[in-house]
Protein chains: 2
Amino acid sequence: MRETRLAGRQIHKTDKNFGARTYSTRSLHGQVAHQIGERILRGDIAPGQSLPNEADLSEELNVSRTALREAIKVLAAKGLLESRPKTGTRVRSRDNWNMLDPDVLAWLFADGPNAAASEMLFEIREIFEPSAAAMAATRASKSQISDLRSAYEAMEVAGDDIDASIPADLKFHQLLLASTGNELLISLGSMIETALAANFKVSSAGPRGIVIALPQHKAVLEAIAAGDAVAAQTAVIELLQQARISVATFNAANNNT
Amino acid sequence: MRETRLAGRQIHKTDKNFGARTYSTRSLHGQVAHQIGERILRGDIAPGQSLPNEADLSEELNVSRTALREAIKVLAAKGLLESRPKTGTRVRSRDNWNMLDPDVLAWLFADGPNAAASEMLFEIREIFEPSAAAMAATRASKSQISDLRSAYEAMEVAGDDIDASIPADLKFHQLLLASTGNELLISLGSMIETALAANFKVSSAGPRGIVIALPQHKAVLEAIAAGDAVAAQTAVIELLQQARISVATFNAANNNT
DNA sequence: GCGGCAGATTTGTCATATTATATGCTGATT
DNA sequence: AATCAGCATATAATATGACAAATCTGCCGC
């Protein structure tokens with residue numbers, strides 16, 4: 001009988017993840033998946049390299065082969081692993097990883113501020129969010145606009161309280177993408193949300209460097225409410241410029257890798 | 001002992017999927033995952049609805065509980081399912097689905113031409129591919145440009161041979177995104193590639209409606225080779241306009257849903 | 001040199017038992 | 001009547017052991 005499972009890896013319920021939508025860690029196999037996933041994203045196990053065989057690895061992790069196999073299936077579903085009889089289970093080449101998966105992206109940020117990953121993320125956001133805002137301005141329903149306004153007001157009320165302002169900020173961006181009516185953009189939104197949450201998770205523990213640009217958010221809101229696509233687009237561009245500066249400052253202050 | 005596993009669902013090795021990168025169907029649990037995944041995306045099992053319990057469902061599918069559970073883990077990893085003791089396994093709300101996952105998107109197209117899904121896809125492509133081309137024009141290495149040229153030439157040679165021209169076309173777009181150096185864009189590319197492959201899979205079986213726009217591709221190639229970001233961007237915009245017309249024609253001809 | 005065959009290794013699948021967890025009910029308590 | 005603790009129950013979660021299937025390796029015969 002096993003005494004300690006997953007030795008040295010307790011779940012800290014106090015961890016802030018700001019409600020990010022990631023694979024559940026309630027279950028044992030979920031914990032194993034996260035653990036191995038983080039190792040892969042950190043580069044501890046390089047692409048092409050094989051995991052120990054199931055018998056050895058399950059013993060090493062103090063879990064049954066069943067739990068380990070289910071964890072492996074989760075990671076394989078995200079493109080990280082590939083199993084074959086006799087050959088074993090190996091890490092797939094990086095271009096097979098589904099970086100758009102919220103978990104994968106969260107694991108990429110798990111170690112702390114990551115300048116290269118932040119840059120990728122900003123590039124994507126700068127490509128998408130202005131166009132998305134323009135679409136939202138054209139298509140948002142009254143109730144969606146009302147929800148957006150509520151999220152903005154929550155940000156105003158939250159002020160400097162990071163634990164309240166960050167979720168409101170994330171909510172705002174998610175609602176914006178939802179207003180486009182395009183499900184792919186919505187999924188892209190939760191992916192980005194998770195990545196930002198993973199980033200903020202570290203940031204809120206350290207010195208405060210993140211300042212949410214309220215005026216820019218208000219400009220976006222009002223443009224969408226007015227149905228002005230062009231104004232919404234330019235407002236989001238300004239918002240992202242502001243955010244980029246803020247995050248760069250923060251990353252520079254916290255052992256930027 | 002079981003005679004026929006997964007009754008009525010044989011794997012057709014002759015199916016054309018144009019090398020799309022999806023979860024392996026070699027294994028039994030992989031087949032089960034695809035089968036249930038398609039059912040969910042088709043709407044046979046609505047969000048909020050529960051699957052039969054593991055004992056019943058595994059018996060119904062003629063597989064062991066183990067295989068079924070591993071399939072469920074794959075689907076849960078993609079955000080489609082959620083399992084809890086006592087409650088059972090239920091389909092999550094649609095906004096939790098990771099539509100950016102190649103498998104999920106492929107299942108969305110599995111039934112045949114899907115006008116709504118095609119529209120989503122085009123919207124996304126029109127947002128990011130022009131920007132990606134501009135980035136590629138700035139950053140592509142000599143060898144990447146050379147690869148792009150090879151892919152284009154393969155398209156030229158292929159001509160009307162769909163089985164050769166479509167893979168070359170997909171390769172071209174993938175290489176373009178790879179040239180941006182942004183891993184998120186690359187993943188986005190394989191997602192789109194899979195979706196297009198799923199679409200083409202049907203199309204190549206029916207009457208020919210897809211015509212690859214060679215001149216537009218050549219314009220993109222030359223702009224990138226010349227390092228002209230603006231030209232690359234406009235060339236891609238024209239390319240997508242052409243593609244949109246072509247697909248719309250095709251969808252209209254084949255029981256457009 | 002080469003093709004194929006035998007053996008060994010590893011994942012894949014199965015069956016079964018036990019445990020953990022969530023849910024709803026029941027009945028006591030206020 | 002409402003609330004809450006505890007109990008029963010259904011279900012997934014985990015563990016274990018056995019066997020099957022795949023596939024790589026190297027040897028053997030030619």
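Which of the 25 residues around DNA strand C come nearest? In this predicted model, where local features need pLDDT of at least 70, side-chain atom pairs count only at pLDDT 80 or more, and totals for chains, interfaces and linings use all residues, they are Arg65(A), Arg69(A), Leu28(B), His29(B) and Ser64(B), a residue being near a strand if one of its heavy atoms lies within 4 Å of it. Residues are numbered from 1 along each chain as its sequence is written, chains are lettered from A and ligands numbered from 1 in the order in which they are written, and side-chain values use heavy atoms, with hydrogens and water left out.

The surface near DNA strand C comprises 11 charged, nine polar and five nonpolar residues (nonpolar: Ala, Val, Leu, Ile, Met, Phe, Trp, Tyr, Cys and Pro; charged: Asp, Glu, Lys and Arg; polar: the others, Gly among them). On the DNA side, 74% of the strand C atoms within 4 Å of the protein belong to sugar or phosphate, and the rest to bases. Ser64(B) places a side-chain N or O atom 2.7 Å from a phosphate oxygen of the strand, while a backbone N or O atom of Glu54(A) is 3.1 Å from a phosphate oxygen. With Arg65(B), the partner is a base nitrogen, 3.5 Å from a polar side-chain atom.

Turning to the interior, the largest cavity (a set of points on a 1 Å grid over the protein atoms alone where a 1.4 Å probe fits but cannot get out; lining residues have an atom within 4 Å of a point) is lined by 20 residues. Nearest its centre lie Arg125(B), Asp169(B), Phe200(B), Ala243(B) and Val247(B). By class, 12 lining residues are nonpolar, six polar and two charged.

How values were computed:
On a 1 Å grid over the protein atoms alone, a cavity is a set of points where a 1.4 Å probe fits but cannot get out, and a pocket is an open set with protein on both sides within 12 Å along at least five of seven lines; lining residues have an atom within 4 Å of a point. A polar contact is a pair of N or O atoms within 3.5 Å; within protein, one must be able to donate a hydrogen and the other to accept it, and residues adjacent in sequence count only if both atoms are side-chain atoms.
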